[in-house]
Amino acid sequence: MKRIFLDDAGGAPILPEVAAALRDLPDGNPSSPHTEGRAARAALDRARDLAAQALGAGRTEITFTASGTEAVNLALFGAARRLPKSGTILTWAAEHQAVLGAVRRLQAEGHRAEIAPVDHTARADAEAIGPSTALVSIGLANNEVGTLQPVREVIDRAHERGALVHVDACAGPRWIPIPDGADLVSFSGHKVGAGRGGALYVRDGVRIDPVLYGGPQEWGRRAGHEDVASALAFASAISVCVSARDGRAIAAHRQSTALRSLLAELGGELTGAVERLPNFASCAFDDRKGEDMLLALDIAGVAASSGSACASGSLDPSHVLLAMGLSLNAALGSLRLTTGYATTDEEIARARDIISSVLTRSPARA
């Protein structure tokens, strides 16, 4: 029987439109003047125009990257290194590790940095933005529990104080729009069904330093050979997401509600705010190990994920759940189920039966 994929937030399946866009990809280097190079340049230009149109941006505001992590790093390092070190770089404790890692590195380089706390739903508080704040990084939505962040409020408050705003939109644009006004917005290709690549929106007039030095590619923001395939994949995927997300969100909310109801019945403590991404069903168990649940579900035919990750033979608790105030045992026993564009109601019905069977067995103590 066909497996059931409930880890869309971890990596969305490649969209058919992306596969179609990549079928007749030119082979040339887009920086080369010959016929093959010009064909590649034309394809890259088409990708940039498509992405810009989908995001309501100008073509010079779009920079293609290799991944969402690179887009986040380019935004934060690129902006911070043009700011005086006396200005504070602000983010929140439940942000993605790409953001937290970059902010901590900037702090080690001598920048002032603040990692503000979040509430029990992983929601940030815009009141943390103060008079010394120079750069703010906020997620569109939390990538582990789906909580929607107060992005509009953060943008307005930060701009009132003269600070730049970076929105990490790697999680969320598949389902919800991005508020206008951010200075920098990062995207991840594999989160939107591109399977590769990423992009950074840089508002017209905002200057950033490159992280990679060399040629003048990508408006001088990112040196190196331009990956036409990744650019075209991302542009095709984000275009589909912008046009399809409203309708897809309705089905996703119905499906995630059914999954959340089951998780609560099985004793899980539901995580995330009421205002969350429509495809998220996440919870934490005090008396189970996340890795054990994932292995059992995988064997039974369901792909899921956990807020905890096994690295170097030891279980690392989710920093998001700990920031939300959950206990260590609960943080080690998290489960995240996320539906996608292709998820069917029949798959949800089967998944409920499988999950119920797996999780009603004797729990493994954390």
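**Note on strand β3, ring pairs and salt bridges**

1. Strand β3 and strand β5 (residues 133-139) run parallel and are joined by three bridges. Within this pairing, Leu-90 stands opposite Val-136 of β5. The model under discussion is a predicted one, and the points below should be read accordingly.

2. A second pairing involves strand β4 (residues 112-116), which runs parallel to β3 and is joined to it by five bridges. Thr-91 has Ile-115 of β4 as its bridge partner. The connection between these two strands includes helix α4 (residues 97-108), and β3, α4 and β4 together make a β-α-β unit that is right-handed.

3. Is β3 enclosed by the rest of the structure, or open to the outside? Strand β3 spans residues 88-92, and five of its five residues are buried, so the strand is largely enclosed by the rest of the structure. The side chains divide between two directions: Thr-88, Leu-90 and Trp-92 point one way, whereas Ile-89 and Thr-91 point the other way, and all are buried. Leu-90, opposite Val-136 in β5, and Thr-91, the partner of Ile-115 in β4, thus point in opposite directions from the strand.

4. Turning to the aromatic side chains, the count comes to two aromatic pairs. Trp-175 and Tyr-341 form an edge-to-face pair, with 5.2 Å from centre to centre and 90° between the planes. Trp-175 belongs to the loop between β6 (164-168) and β7 (184-188), and Tyr-341 to the loop between β14 (334-338) and α10 (345-359), so the pair ties together parts that are 166 residues apart in sequence. Both Trp-175 and Tyr-341 are buried.

5. The other aromatic pair, Phe-187 with Phe-234, is tilted, at 5.9 Å centre to centre and 55° between the planes. Phe-187 is in strand β7 and Phe-234 is in helix α6 (residues 228-265), so this pair ties together parts that are 47 residues apart in sequence. Both Phe-187 and Phe-234 are buried.

6. Arg-174 deserves separate comment. Its charge lies over the face of Tyr-341, at 3.9 Å from the ring centre; Tyr-341 is also the ring that pairs edge-to-face with Trp-175. In addition, the side chains of Arg-174 and Asp-8 meet in a salt bridge, at 3.0 Å from N to O. Arg-174 lies in the loop between β6 and β7, and Asp-8 in the loop between β1 (4-5) and α1 (16-21), so the salt bridge ties together parts that are 166 residues apart in sequence. Arg-174 has a relative accessible area of 3% and is therefore buried. Asp-8, at 4%, is likewise buried.

7. A further arginine is placed over a ring: Arg-288 lies over the face of Phe-285, at 5.4 Å from the ring centre.

8. The salt bridges number 17. One of them joins the side chains of Arg-41 and Glu-226, at 3.1 Å from N to O. Arg-41 lies in helix α2 (residues 35-55) and Glu-226 in the loop between β8 (198-202) and α6, so the pair ties together parts that are 185 residues apart in sequence. Are the two partners buried or partly exposed? Arg-41 has 25% relative accessibility and so counts as partly exposed, whereas Glu-226, at 6%, counts as buried.

9. The salt bridge between Asp-156 and Arg-152 is formed at 3.2 Å, N to O. Both residues lie in helix α5 (residues 151-160), four residues apart, about one turn of the helix. Asp-156 is partly exposed, with a relative accessible area of 36%. Arg-152, at 35% relative accessibility, also counts as partly exposed. Elsewhere, Asp-45, Asp-49 and Arg-59 are joined into one network by salt bridges that share partners.

10. Finally, Pro-177 is placed in the loop between β6 and β7, the loop that also holds Trp-175 and Arg-174. What is Pro-177 in contact with, leaving aside its neighbours within four places in sequence? The contacts of Pro-177 are then with Leu-140 and Arg-245. Pro-177 and Leu-55 are 122 residues apart in sequence, and their C-alpha atoms are 9.2 Å apart in space.

Notes
Residues are numbered from 1 along each chain as its sequence is written. This is a predicted model: local features need pLDDT of at least 70, side-chain atom pairs count only at pLDDT 80 or more; totals for chains, interfaces and linings use all residues. Side-chain values use heavy atoms; hydrogens and water are left out. Buried means under 20% relative accessible area, exposed over 50%, partly exposed in between (1.4 Å probe, protein chains only). Two strands pair if DSSP finds at least two bridges between them. A crossover is right-handed if, with the strands pointing away from the viewer, the path from the first strand over the helix to the second runs clockwise. Rings of Phe, Tyr and Trp (its six-membered ring) pair if their centres lie within 6.5 Å; planes under 30 degrees apart count as stacked, over 60 as edge-to-face and the rest as tilted. A charge sits over a ring if NZ of Lys or CZ of Arg is within 6 Å of the ring centre and within 35 degrees of the ring normal. A salt bridge is a side-chain nitrogen of Lys or Arg within 4 Å of a carboxyl oxygen of Asp or Glu. Contact means heavy atoms within 4.5 Å.
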